[in-house]
Amino acid sequence: LHNAVIKSDKIEVVSHLAASVSHEVRNPLTVTRGFLQMLKDPSIEEEKRLYYLNTAIYELDRAETIIKDYLTFAKPQSETTSTICVQNEIEKALELVLPYANHFSVKIKKDLMTGLNVIGESSKFHQCILNIIKNGIEAMPNGGDLIISCREMANNYASITIKDTGCGMSAQQLAKLGEPYFSTKAEKGTGLGMMVVNKIIHDMGGTVEVKSKLNEGTQFKITLPLNDIEKRET
Ligand code: ADP
Ligand code: MG
């Protein structure tokens with residue numbers, strides 16, 4: 001009997017996840033459809049056309065992020081671990097968000113040390129960096145600076161710092177950061193991004209530290225154990 005109870009609990013969790021995913025993904029898909037529909041008009045101005053296209057792409061990326069964030073919990077071990085080059089992963093994530101950053105007049109500044117390798121699932125690490133960068137940009141709807149750096153620390157750890165000059169968080173908001181479904185972005189947010197970040201980094205043996213000041217900005221500092229073997233070989 002006990003076993004049966006546990007099983008039905010698990011089914012409940014899965015169906016809750018499935019319901020949330022379909023609900024959350026519907027918004028970006030509806031928005032994308034609307035913009036594609038408008039793009040059918042041949043007399044559309046070039047500037048508007050670009051805006052519609054970029055928004056459609058952004059919304060599709062958002063749908064993908066939502067699905068990936070949920071999958072991190074629904075399918076905990078989906079990929080094998082490998083060596084990850086921290087600098088490469090950051091560069092890839094920055095390339096993806098560049099149109100989004102430009103749209104909000106966010107300037108990206110980077111200071112990336114080369115040759116830092118860590119161990120993990122690369123797509124999850126990518127997701128994690130992307131989630132933090134996106135939060136940073138979303139905190140600066142009227143522009144600002146996103147400063148991202150990675151360096152080696154003394155104790156064979158790497159540190160990654162992602163800093164924004166955005167809206168910041170109050171002490172109460174900061175305390176809730178990472179709680180499932182905590183979001184200040186209404187229907188635009190899922191409140192899963194930070195939960196995913198914490199889980200991925202902790203699974204990699206690292207830590208996440210957040211400092212924030214309302215109306216001044218936020219800084220995320222990630223530390224991760226370096227892959228020694230790889231370092232000695234290169
Ligand atoms: P979402 O982005 O979908 O709202 P997240 O888990 O990524 O969910 O973030 C949860 C909440 O934490 C956000 O809604 C926001 O209120 C706050 N937050 C996260 N990152 C930042 C940041 N860089 N600056 C200000 N607030 C942030
Ligand atoms: Mg987010």
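This is a short tour of a predicted model, from its sheet to its ligand shell.

**Before you start**

Colour by pLDDT to begin. The protein averages 88, and 88% of the residues score at least 70. For the model as a whole, ipTM is 0.99 and pTM is 0.82.

**Stop 1: the sheet**

Select the strands β2, β4, β5, β7 and β6: in that order, these 5 strands make an open sheet with mixed pairing. Now look at the two edges, where you'll find β2 (106-112) and β6. Each has a single partner strand, so one side of each goes without a neighbour in the sheet. From one strand to the next, the twist averages 10 degrees.

**Stop 2: β4 and β5**

Next, pick residues 144-152, which are β4; this strand runs antiparallel to β5, and 7 bridges join the two. For a pair to zoom in on, try E152, whose bridge partner in β5 is A158.

**Stop 3: β5 and β7**

Keep β5 (residues 157-164) selected and add β7 (residues 217-225). These two pair in the antiparallel sense as well, over 8 bridges. Show S159 as sticks and you'll see T223 of β7 standing opposite.

**Stop 4: the hairpin of β7 and β6**

Stay on β7 and bring in β6, residues 207-213. The two strands are antiparallel, with 7 bridges between them. Here S212 faces T218 in β7. Then move to the turn: the hairpin has 3 residues between the strands, and N215 takes a positive phi near 65 degrees.

**Stop 5: the helix across the sheet**

Now select α4, residues 122-138. Which strands does α4 lie across? They are β2, β4, β5 and β7, and the helix runs at about 20 degrees to β5. Hold on to α4, as the last stop comes back to this helix.

**Stop 6: around ligand 1**

Finally, centre the view on ligand 1. How many residues surround it? There are 22, and the closest are N135, A139, S183, G189 and G193. Label those five residues first if you want some landmarks.

Two helices worth highlighting are α4 and α6 (193-203), each of which supplies at least two residues of the shell around ligand 1. Which element gives the most to that shell? That's α4, with 3 residues. Helix α4 thus appears twice on this tour: it lies across four strands of the sheet and contributes to the ligand shell.

To finish, colour the shell by residue class: 13 residues are polar, 7 are nonpolar and 2 are charged.

Methods
Residues are numbered from 1 along each chain as its sequence is written. Chains are lettered from A and ligands numbered from 1 in the order in which they are written. This is a predicted model: local features need pLDDT of at least 70, side-chain atom pairs count only at pLDDT 80 or more; totals for chains, interfaces and linings use all residues. A residue is near a molecule or strand if its C-beta atom, placed from the backbone, lies within 6 Å of it. Ala, Val, Leu, Ile, Met, Phe, Trp, Tyr, Cys and Pro count as nonpolar, Asp, Glu, Lys and Arg as charged, and the others, Gly among them, as polar. Two strands pair if DSSP finds at least two bridges between them. pLDDT is the predictor's confidence in each residue, from 0 to 100. Axes are lines fitted to C-alpha atoms, for helices over the stretch in contact, and angles run from 0 to 180 degrees between N-to-C directions. Two residues are in contact if their C-beta atoms, placed from the backbone, lie within 7 Å.
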